[in-house]
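Colleague: Before I plan anything at the bench, I would like one close look at a single part, starting at the surface and following it inward. Please take your time and tell me how each term is meant as you go.

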Amino acid sequence: GIVKVGLYSNYTLIITSVTGVLSTIFGNLTASIGNLNAVETKEKKIDMFNIINLATFWLYGVCSICMFCVSNAFITAWIGEKYLLSYRELFIVVLNAYVAGMLFAPFNYRQTMGLFVYGKMRPVISAIINIVASVILGRKLGLEGILWGTIIARVTTNVWFDPYIVFKKGLESSPKHYFVDYLLKLVLFLVTGAIAFVASSVIPGAGMVSVVIKALVAFIVSNI
């Protein structure tokens, strides 16, 4: 509905602002990744992949956790409580941002390695899954279901496909380590997010000062 879309747009304003900055930072690495894949050894490429993947996990993870802990408090202080989404909906919004951010390393490695032919049908399949899942779940769960549809589409295509192609075709090694590492990072992200949320929730007040303090607490806890 129009009302729910209006509420959601306030959150996308916050999240796209933050992820836009992160996209700019990591986007500047693309040329360097291309040069790396053109001249360096397989071992060096794998090492740098792991470093970039860790950096994206760190920054996107911390920012996603902070957005989850602070967004509702910020919206309340900015325009009022009647414009809030539920924490369940906010969680899926933030999880979507995290999952999208974690695609940076495998996507850019596949692009700069020139492995285009292997992914020519992936966007089509992803779009079909996204539409079908969003319609089915949206009828049952509303906005929450539509957002889950996006996550399902990414998990069933992008999340596993790009890393698999990069490791099997580009780096000629097993992607098993990547997938185990991805799951461990996801667990760490969820546990850290829960701890940061509990820690920031004890901060009283509903004004901008409270929002800033909540953000600092979430930032410190998630980095630790």
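Modeller: A patch here is made of residues with over 30% relative accessible area and no salt bridge, with like charges joined within 9 Å and nonpolar side chains (Val, Leu, Ile, Met, Phe, Trp, Tyr) within 5 Å. Accessible areas come from the Shrake-Rupley method with a 1.4 Å probe, and for residues only the protein chains shown count as cover; a salt bridge is a side-chain nitrogen of Lys or Arg within 4 Å of a carboxyl oxygen of Asp or Glu. This is a predicted model, in which local features need pLDDT of at least 70 and side-chain atom pairs count only at pLDDT 80 or more, while totals for chains, interfaces and linings use all residues. Residues are numbered from 1 along each chain as its sequence is written, and side-chain values use heavy atoms, with hydrogens and water left out.

With that settled, M121, V124, I125, I128, V132 and I136 together make a nonpolar surface patch of about 530 Å². One of these residues, V124, belongs to helix α6, residues 122-141 (helices are DSSP runs of H or I of at least four residues, strands runs of E of at least two, numbered from the N terminus). V124 counts as partly exposed because its relative accessibility is 41%, where buried means under 20% relative accessible area, exposed over 50% and partly exposed in between, with a 1.4 Å probe and protein chains only.

From helix α6 the picture leads inward through charge. R122 forms a salt bridge with D162, their closest N and O atoms being 2.7 Å apart. That pair links distant parts of the chain, since D162 sits in helix α8 and R122 in helix α6, 40 residues apart. Both D162 and R122 are buried, and with R110 they are linked in a network of salt bridges.

R110 brings in helix α5 (residues 104-112), whose buried residues are F104, A105, P106, N108, Y109 and R110. Y109 deserves attention: together with Y98, Y109 touches the most other members of the largest nonpolar core, which has 52 residues. Helix α3 (residues 42-78) contributes the most to this core, with 13 residues. Such a core is a set of buried Ala, Val, Leu, Ile, Met, Phe, Trp, Tyr and Cys residues joined through side-chain atoms within 4.5 Å. In soluble globular proteins, nonpolar side chains tend to be buried together. Apart from residues up to four places away in sequence, Y109 touches I33, L36, N37, K45, M48, F49, I52 and V166, contact meaning heavy atoms within 4.5 Å. Just after α5, G114 has a positive phi of about 75°.

V166, one of the residues touched by Y109, is in turn among the buried residues of helix α8 (residues 158-170), which are N158, V159, F161, D162, P163, I165, V166 and F167. The cover over the buried residues of α8 includes α3, α4, α5, α6, α7 and α9 (176-201). Beyond α8, in the loop between α8 and α9, E172 has a phi near 50°, a positive value in a residue other than glycine. Most residues other than glycine have a negative phi, and most peptide bonds are trans. E172 counts as exposed because its relative accessibility is 61%.

Two of the covering helices, α4 and α7, can be followed further. L95 lies in helix α4, residues 87-101, and is buried at a relative accessible area of 10%. Leaving out residues up to four places away in sequence, L95 touches W148, I151, L186 and F189, and its C-alpha atom is 9.3 Å from that of L190, 95 residues apart along the chain. E144 in helix α7, residues 143-156, is buried with a relative accessible area of 11%, and outside its neighbours within four places in sequence E144 contacts R88, E89 and I92. E89 also meets K4 in a salt bridge between side chains (3.2 Å, N to O). This pair joins distant parts of the chain, K4 being in helix α1 (residues 2-27) and E89 in helix α4, 85 residues apart. E89 is buried at 8% relative accessibility, whereas K4 is partly exposed at 31%.

Helix α9 carries a salt bridge of its own: D181 and K185 lie four residues apart in α9, about one turn of the helix, and their closest N and O atoms are 2.5 Å apart. K185 counts as buried, its relative accessibility being 11%. The structure holds five salt bridges in total.
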